[in-house]
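Q: I should like to learn how to read the features of a structure that is new to me. Please take them one at a time.

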There are 2 protein chains.
Amino acid sequence: MIRIEPSWDFYRTFLTVLQQGSLSAAARELGLTQPTIGRHIDALETSIGFQLFIRSPQGLIPTEAATDLRPHAEQLASNAAALLRAASGQGGGVRGTVRISASEVIGIEVLPPILSALSDQHPDLIIELSLSDAVENLLHQEADIAVRMVEPEQDALITRRIGGIPLGLHAHRRYLDKHGIPEKLEDLLDHRTIGFDRESAFVRAIRKRVPLIELMRPSFRADSNLAQLAAIRAGFGIGVCQVALAKRDPEIVRLFKTEFTLPLETFVVMHENLKTTPRCRVTFDALVEGLLAYLGK
Amino acid sequence: MIRIEPSWDFYRTFLTVLQQGSLSAAARELGLTQPTIGRHIDALETSIGFQLFIRSPQGLIPTEAATDLRPHAEQLASNAAALLRAASGQGGGVRGTVRISASEVIGIEVLPPILSALSDQHPDLIIELSLSDAVENLLHQEADIAVRMVEPEQDALITRRIGGIPLGLHAHRRYLDKHGIPEKLEDLLDHRTIGFDRESAFVRAIRKRVPLIELMRPSFRADSNLAQLAAIRAGFGIGVCQVALAKRDPEIVRLFKTEFTLPLETFVVMHENLKTTPRCRVTFDALVEGLLAYLGK
DNA sequence: TCCTAATCATCTATTTTTGTATATCAGATA
DNA sequence: TATCTGATATACAAAAATAGATGATTAGGA
């Protein structure tokens, strides 16, 4: 039974201990001392009435109860960070921190010049870029704005459709010189191809489009699209990547230009709450404009 | 510029001051003293670098900045409460607090017997009932389970469709004795009717079904369906309410049984995270079963 | 086997936070 | 006008939280 509400700071301490694995490490992380962290955990355990950690000389091992509470504590941390970001943007004008979530490929290959120009225009704007393909992080307020490849169905979000980024099959000229150029799609079965590690919505979309993919046995697998792109650039074999990115390297050749093309629908998404805050508004617009330009629109 | 992260407790204090409107009232609310609350606000203002309140002898007036931060602070409070509820349910078995959100009518007229039976079966279960028609409170974790009249489109939610609760036009016999029984739908225009205060999705659904409603000039308006039900029971006039509720009072007569009937789709909804926690599982099942029984299924 | 490095627990001095009491101000009321 | 009630601000003492130092325990490596 919980008698009095614990200090919210205890939640922060609790999460940090979970993340760091020991009182000492959490103390270093938070700029406090180990006895203080220990007292916080003790107080929290007393307050909620059960044990959160098993102490050991190697650190603290979370109990099942602690693991159950972890997502709540993480959300609390996200919200606290969101509040601070909101606070940093106060005072009118474009200033403060804006946190953008995007896929690895987009974040590394496409966004930097867009964000760089934005930053030049608004020197007081601090840009954080979080690279992840998880769709949910807008709802958890881990980011203010997201570039997504699936249309979100959430009402509280403002969504702007950018269009389909064309994907194509590509290989490095070095690879083709050595292994020959496939003439028909079926020839791909005899080539070294680059594929996905795990099943995902994106992979299913490709399969649907080109059932042949099903039969292929990739000789290189990676979940990270970035790693796949690197593999194509390194001449490892034939893989799927954005046409615009491939064009940057004159040594990379597009294959089956007519037979295989796949538009990757792209959206810029923002919390409705943030539409009036200048820094988010400006960043949202810059992303939309920059991505449209990237698509040649 | 924010230099060091403020204590999370300051956020709680900040929100309480916003809610209560003065340092003194917030101090009473939190069980602290007015100087302490004042120091918390001072420290938070120093930390984030701008003023949150204008002090006055009548209390504290929030600045625009404070108003902007308010939703974040509220979400923080919801999450902290959700964490505590999760904590209260630890230890296996059906125990702890479960928070249910439902519309006023459902919560007052339909749920009590269901929840009462549930409570008898599980003495360690503490039930909180939050009456509101806002759809979003599941996402904000203000409730664990919700009874909703619109199907949520959110992926992270578990939804169970109950079916359509039939609505009908009703009036008290006392009213009909005095004003006569309308023969045709058009006759309603000459009667005292009970209508809605504001536009809502529910109202639009009714309008679509029975365009005649558009023409009616209700002599009693209330947003609260509960107030409308009370008005029908008091013999004020003719209004819309659940058929099953009207039947409980033999003095209430249903009108235009064939011409006017409207099923109110009903869903029980729960966060996916909570499906393994016994108290939520059990409550969810009890609500589904109870509501199906209420519908005669 | 012994040494090192990491951990948590405990005790005490110090710093920080909080509470108490009081002063001050603005508005409502007789 | 005098008074009462609510509010914030300030000074100082009390309480609480914190840091620092030390000891005990364990794992891993020479």
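**Reading the DNA contacts and the pairing of chains**

A: Let us begin with a single contact: a polar backbone atom of A:Leu23 lies 2.6 Å from a phosphate oxygen of DNA strand C. A polar contact is a pair of N or O atoms within 3.5 Å; within protein, one must be able to donate a hydrogen and the other to accept it, and residues adjacent in sequence count only if both atoms are side-chain atoms. The model is predicted: local features need pLDDT of at least 70, side-chain atom pairs count only at pLDDT 80 or more, and totals for chains, interfaces and linings use all residues. Residues are numbered from 1 along each chain as its sequence is written, chains are lettered from A and ligands numbered from 1 in the order in which they are written, and side-chain values use heavy atoms, with hydrogens and water left out.

Q: Which other atoms of DNA strand C lie close to an N or O atom in a side chain?

A: A phosphate oxygen of DNA strand C is 2.4 Å from such an atom of A:Ser24. For B:Arg39, the partner is a base nitrogen of DNA strand C, at 3.1 Å.

Q: How many residues surround DNA strand C, and which element gives the most to the surface near it?

A: A residue is near a strand if one of its heavy atoms lies within 4 Å of it. DNA strand C is surrounded by 20 residues, with A:Leu23, A:Ser24, A:Pro57, A:Leu60 and B:Thr36 the closest. H3(B) gives the most to this surface, with 4 residues; helices (H or I, at least four residues) and strands (E, at least two) are DSSP runs, numbered from the N terminus.

Q: Which residues are closest to DNA strand D, and what part of the strand comes within 4 Å of the protein?

A: The closest are A:Thr33, A:Thr36, B:Leu23, B:Ser24 and B:Leu60, among 20 residues that surround DNA strand D. Of the atoms of DNA strand D within 4 Å of the protein, 71% belong to sugar and phosphate. A polar side-chain atom of A:Thr36 is 2.5 Å from a phosphate oxygen of this strand, and a polar backbone atom of B:Leu23 is also 2.5 Å from a phosphate oxygen.

Q: How are chain A and chain B related?

A: Two copies of a chain are related by a rotation about an axis and a shift along it. Here a turn of 180° and a shift of 0.0 Å along the axis lay chain B on chain A with an RMSD of 0.2 Å, superposed by least squares on the C-alpha atoms of residues with pLDDT of at least 70 in both. The two copies are therefore related as by a two-fold rotation axis. Both use the same surface, since 97% of the contact residues of chain B recur in chain A; contact means heavy atoms within 4.5 Å.

Q: What area is buried between the two chains?

A: The size of an interface is often given as the accessible area lost when the parts come together. The area buried between chain B and chain A is about 3600 Å², and carbon and sulfur atoms give 66% of it (accessible area for a 1.4 Å probe, summed over both parts). B:Trp8, B:His72 and B:Leu83 supply 21% of the area that chain B buries against chain A, more than any other three residues.

Q: How many salt bridges are there between chain B and chain A?

A: Side chains of opposite charge can pair when their charged atoms come close. The count between chain B and chain A is 2 salt bridges, each a side-chain nitrogen of Lys or Arg within 4 Å of a carboxyl oxygen of Asp or Glu. B:Glu5 and A:Arg12 meet in a salt bridge, with N to O at 3.2 Å.
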